[in-house]
Structures are given as structure tokens and as C-alpha cells.
Amino acid sequence: MKYVSIGGQAVMEGVMMKSASSLAMSVRRADGTIVVEKQKLTMKSWRKAVNKIPVVRGVVAFVDSLISGMNLTSQSAQMYGEDLLEGEEPTKFEKWLSKTFKIKLETVAIVLGIVLGLGLSFVLFMFLPSLVSTLISKIFGITVETATPLTKLLLNIAEGFTKILIFLGYLFAIGFMKDIKRLFMYHGAEHKVISCYEHGDELTVENARKYSTSHPRCGTSFMFIIMVVGILIASIIDNLFGFNTLTMGASIVRLLAKILLLPVVAGTSYEILKLLAKSDNIFFRILRAPGMLLQKLSTREPDDSMLEVSLVSFKTVLVMDGLMEEEVKTVDELNESNENDSQ
């Protein structure tokens with residue numbers, strides 16, 4: 001099996017594929033046609049330098065994925081032929097921001113969405129787990145004097161376990177939403193096509209169909225690794241600096257410290273994710289198994305039409321990178337070409 005640097009993302013009724021120098025996003029519109037948008041990527045000199053620095057490159061990649069994710073969602077909606085703000089009257093606050101800073105209302109909606117999403121993430125994955133740790137300390141009568149390194153480790157494990165339960169519950173719940181379910185199906189199509197190429201098979205729907213919807217380099221696995229690494233780093237910090245969850249002041253300081261350490265956690269997790277994806281031996285498969293299993297919640301089996309969309313994006317990137325000789329055509333163009341050849 002060969003390792004490929006091309007990654008992807010499921011978008012509204014489509015799939016984005018991206019290499020170091022090329023990006024292609026294919027979306028199937030309501031009329032059944034596939035539209036493709038291509039973009040050549042140029043890496044700035046500072047980014048090239050950063051990509052050589054372990055951990056730091058992971059932080060940059062994580063921030064970039066957060067920003068580009070919302071932009072790609074908006075762009076795919078436009079390609080599909082749907083305005084994200086259609087039917088929604090902008091609030092007075094959104095209109096004020098748009099007028100004051102002279103930016104589009106759609107951009108305001110995207111920025112507010114990111115801010116609200118980060119706020120919700122903070123409450124769900126940092127504040128609530130920390131609160132659980134504090135409550136456990138009080139329930140079992142753990143004091144500053146009686147708290148041992150093992151006790152602090154167990155409290156961090158309880159906190160991390162709470163984060164994982166919240167994450168599982170969140171993925172499970174949103175999976176019942178119709179639009180999210182289709183997004184998860186396209187997510188599965190993205191993984192199948194990448195796996196098909198990595199295993200050296202011809203890029204066809206039939207070949208892609210047989211592969212798993214899970215993939216070692218998936219963002220879902222990345223989130224799981226972040227939680228595990230977060231437990232370990234928090235335990236080390238607690239024991240080195242004596243942080244605990246037994247007083248309100250100490251809990252606040254500890255929470256602020258964890259926020260400041262998020263880049264370290266994200267960067268370290270990124271390196272682990274890349275390492276685990278590069279080998280297929282039994283040891284690495286065991287280590288990445290929890291993340292692969294977790295992807296069963298964030299992916300669904302796609303239909304053939306979704307695999308076609310994913311294949312168009314992937315092949316387009318290969319052509320742009322000079323790895324395929326012939327220009328890729330959408331399924332509709334191929335059908336039209338076949339009809340002309342038969343006449």
C-alpha cells in the first residue's frame with residue numbers, strides 16, 4: 001500500500017480533494033449534473049518553512065482546516081445552487097457588522113458561525129469535563145493534601161472520558177439529521193476513493209465501493225487523538241505545577257492553562273496521526289483502531305453517485321498535479337461523449 005498526501009473533506013452534496021499544490025471540489029447539483037471548481041495552490045515561503053517544523057506545522061494545519069472548512073461549505077452551497085442565507089433574514093447585529101466593517105453578509109454569517117462553534121466547543125469539551133472532575137473530587141472527598149499523582153491522573157482520565165462521551169453523543173445525535181447523514185455518506189465516499197488509490201486499484205466506482213468508509217488520516221481520528229494526548233499533557237502539567245480541581249481559583253487557572261496548551265496538544269496529535277497512517281503493521285493498526293472505530297459514527301456507506309463525485313475530485317487533483325495524462329471529465333460529460341461516439 002502506498003501513502004498519498006492527498007486529503008479530502010465532505011461538503012454539501014460533494015467532496016473536496018486537496019494536495020500540496022492543487023484543490024478540486026465537485027458538487028452534484030439538484031438536476032444531477034456535476035460541477036467542478038479547481039484551484040492551484042501556491043505555498044508561501046513562511047508556510048514551507050513551518051511545514052518542516054514538527055508540532056508547529058500541525059497547529060497551522062489545524063487552524064487552516066477550521067477556517068477553510070466554513071468557506072468550503074459556503075462555496076459548495078453556491079455550487080449546488082443554494083444560498084446559505086436564503087429564507088433567513090439577517091439580524092440587526094449582522095447588518096451592523098456588515099456595514100461597519102464593509103464585508104458581505106455571508107462572510108458575517110460564516111465568522112459568527114465559527115465564533116459560536118468555538119464557544120460551544122469550549123463549553124462542551126473543556127468547561128463541562130473540568131466541572132465533572134471538580135465534582136468527582138468533592139464527592140470522594142479528595143483534598144489538596146490527599147491528592148497523589150495517581151489521583152490526579154485518574155481525575156484527568158475521568159475528564160477525558162467525559163469529553164469522549166460528549167463527542168460520541170454529539171456525532172450519534174447529528175447523524176439522524178437528513179443533511180448531516182448525506183454529508184457523512186460523502187465523507188465515506190471520500191475515504192473509499194483515497195483508499196482505492198492507495199491500494200493501487202484503478203479509480204472506478206466498482207473498485208472504490210469495496211473499501212472501508214474509515215481511513216487512518218481522518219479528522220475524526222485526529223479529534224480522538226487530541227483527547228488522549230490532552231489527558232496525558234494535563235496530567236503532566238498538574239503534577240509538575242501542582243494544579244488541581246479542588247478550589248475554584250485553581251480550577252480557573254488550570255482551565256486557562258489547558259487553553260494555552262491547545263496548540264501543543266493539536267500539534268502533537270497531528271504528528272501522531274501522520275505517524276500512525278504511514279505504516280500498516282499490526283502494532284500501528286492496534287493503536288489507530290479506536291479512531292477508526294469512531295469513524296463509524298462520522299461516516300456512512302455512500303451510493304454510487306456519491307462515489308462518482310468523489311472520483312471526479314480526486315482525478316482532477318491527479319491531473320492538476322501531473323499524475324494523470326488525460327483531463328478528467330464529469331460523469332455527465334463522459335455520458336455525452338459516449339453518446340456522440342455511438343452516433
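Here is a short question-and-answer tour of the structure above.

Visitor: What kind of model is this, and how are residues numbered?
Guide: This is a predicted model, where local features need pLDDT of at least 70, side-chain atom pairs count only at pLDDT 80 or more, and totals for chains, interfaces and linings use all residues. Residues are numbered from 1 along each chain as its sequence is written, and side-chain values use heavy atoms, leaving out hydrogens and water.

Visitor: What makes a stretch a helix or a strand?
Guide: Both are DSSP runs, numbered from the N terminus: helices are H or I with at least four residues, strands are E with at least two. The chain has 13 helices and four strands.

Visitor: How many of the residues are called buried?
Guide: Buried means under 20% relative accessible area (over 50% is exposed, in between is partly exposed; 1.4 Å probe, protein chains only). Of the 343 residues in the chain, 41% are buried.

Visitor: Why are S1 and S2 called a pair?
Guide: Two strands pair if DSSP finds at least two bridges between them. Five bridges join S1 (residues 7-11) to S2 (residues 14-18), so they pair, and they run antiparallel. Gln-9 stands opposite Met-16 in S2. The two strands form a hairpin with two residues between them. Glu-13, in the turn, has a positive phi of about 55°.

Visitor: How do you know that S3 and S4 pair?
Guide: Seven bridges link S3 (residues 22-28) and S4 in the antiparallel sense, so the pairing rule is met. Met-25 stands opposite Glu-37 in S4.

Visitor: What makes S1 and S4 the edges of the sheet?
Guide: The open sheet has four strands in the order S1-S2-S3-S4, with antiparallel pairing. S1 and S4 (34-40) each have a single partner strand, so one side of each is left without a neighbour in the sheet.

Visitor: Why are H2 and H10 called roughly perpendicular?
Guide: Axes are lines fitted to C-alpha atoms, for helices over the stretch in contact, and angles run from 0 to 180 degrees between N-to-C directions. Angles under 35 degrees count as roughly parallel, over 145 as roughly antiparallel, 65 to 115 as roughly perpendicular, and the rest as oblique. H2 (residues 56-80) and H10 (residues 262-277) pack at about 100°, with axes 7 Å apart. The helices are therefore roughly perpendicular.

Visitor: Which residues of H2 meet H10?
Guide: Contact means heavy atoms within 4.5 Å. Arg-57, Gly-58, Val-59, Ala-61 and Phe-62 in H2 meet residues in H10, including Pro-263 and Tyr-270.
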